Amino acid sequence: MSTPHIEAAAGAFAETVLLPGDPLRARHIAQTFLQQVEQVTAVRNMLGFTGFYKGQRVSVMGSGMGIPSSAIYATELLRHYAVKRLLRVGTCGGVAADIALGDIVLALGASTDSRYNRLQFADQDFAATADFGLLRRVVTTGERLRVPLRVGGIFSADNFYGDDLGQVARLQRHGILGIEMESAGLYGLAAREGAQALSILSVSDHLQRAEKMSTSDREQGLDRMTALVLESLLD
Ligand code: HPA
């Protein structure tokens with residue numbers, strides 16, 4: 001069986017799929033955290049893997065950057081591969097003044113300048129929110145493992161290199177914690193498809209303070225975050 005962008009056998013994906021933006025991060029997660037790993041798709045080098053974490057079947061696949069790319073993969077996973085849960089594991093830029101590099105943000109809701117949800121919602125405002133059950137699982141696991149978490153609103157931007165000079169102040173004024181490029185679309189899509197979605201984001205840079213993590217710190221931060229997410233999925 002295949003879809004336009006995924007070439008994998010029926011049943012090749014677990015019901016739960018982790019979605020990093022970078023396909024090489026998907027491979028890293030599979031190799032580092034999963035057992036009995038199989039690569040299940042590689043169309044356009046957007047690698048996908050299925051394996052087991054402490055006995056629980058889980059998949060991980062790259063999504064690319066931005067709502068148009070990530071929504072293509074997410075739609076095909078939900079509609080054609082019987083996937084039920086999507087967990088974006090990615091990075092965000094820090095927006096709130098009290099957010100630090102390396103903080104982990106759980107995206108409770110995602111505001112956006114994308115028209116993706118409006119295209120499906122009669123041009124009205126859809127409240128793009130995380131699945132409460134998934135959010136509660138990660139929060140509870142964070143408390144148990146004493147991993148500090150920030151839960152709140154984020155902003156999914158269509159333009160990484162925008163020149164909207166007032167953007168950071170406006171987002172701060174609205175209590176937004178961080179900025180990335182996928183979650184609003186993922187949440188709207190999951191709602192329409194009757195699936196669960198949650199974005200877990202590691203703060204890799206700060207927009208106001210012009211700070212940026214080193215590559216190795218960023219990778220270690222993503223590993224810690226991925227471990228937390230995988231632990232939270234266990235029954
Ligand atoms: N903007 C958008 N997406 C991001 C950023 C950013 O500054 N940092 C990490 N992902």
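**Exercise 1.** In this predicted model, find which element gives the most residues to the shell around the ligand.

*Solution.*
Step 1. List the residues that surround the ligand: Thr 91, Cys 92, Gly 93, Phe 160, Ile 179, Glu 180, Met 181, Ser 204, Asp 205 and Leu 207.
Step 2. Pick out the elements that give two or more residues to this shell: strand E5 (85-94), strand E8 (178-180) and strand E9 (196-206).
Step 3. E5 gives the most, with three residues.

**Exercise 2.** Sort the shell around the ligand by residue class.

*Solution.*
Step 1. Cys, Phe, Ile, Met and Leu count as nonpolar, Asp and Glu as charged, and Gly as polar.
Step 2. Applied to the shell, this gives five nonpolar, three polar and two charged residues.

**Exercise 3.** Which atoms of Gly 93 and Asp 205 lie at short N or O distances from the ligand?

*Solution.*
Step 1. The cut-off for a polar contact is 3.5 Å between N or O atoms.
Step 2. For Gly 93, a backbone N or O atom lies 3.2 Å from a ligand nitrogen.
Step 3. For Asp 205, an N or O atom of the side chain is 3.0 Å from a ligand nitrogen.
Step 4. As for cover, the ligand taken alone exposes 260 Å², and the protein buries 86% of that area.

**Exercise 4.** Describe the pocket whose space the ligand takes.

*Solution.*
Step 1. The ligand takes the space of the largest pocket, which has a volume of about 1200 Å³.
Step 2. Of the 40 residues in its lining, Thr 91, Phe 160, Met 181, Ser 204 and Asp 205 are closest to the centre.
Step 3. The elements that each supply at least two lining residues include helix H1 (23-33), helix H5 (167-173) and helix H7 (215-232). E5 gives the most to this lining, with six residues.
Step 4. By class, the lining has 16 nonpolar, eleven polar and 13 charged residues.

**Exercise 5.** Describe the second largest pocket and the largest cavity by volume and lining.

*Solution.*
Step 1. The second largest pocket holds about 200 Å³ of space.
Step 2. Among the residues that line this pocket are Gly 102, Leu 145, Arg 150 and Arg 224. H7 supplies the largest share of the lining, four residues.
Step 3. This lining divides into seven nonpolar, two polar and three charged residues.
Step 4. The largest cavity contains about 30 Å³ of space, and Tyr 53, Gln 56, Val 58, Leu 230, Leu 233 and Leu 234 line it.
Step 5. The cavity lining has five nonpolar, one polar and no charged residues.

Definitions and conventions: Residues numbered from 1 in each chain as written. Predicted model: local features only at pLDDT ≥ 70, side-chain atom pairs only at ≥ 80, totals over all residues. Heavy atoms only, no water. Near = heavy atom within 4 Å. Polar contact = N/O pair within 3.5 Å; in protein donor to acceptor, adjacent residues only side chain to side chain. Areas by Shrake-Rupley, 256 points an atom, 1.4 Å probe, with all protein chains shown as cover. 1 Å grid on protein atoms, 1.4 Å probe; cavity = no way out; pocket = protein on both sides within 12 Å on 5 of 7 lines; lining within 4 Å. Sits in = over half its atoms within 2 Å of the grid points. Points joined across faces, edges and corners; volume = space filled by probe spheres on them.
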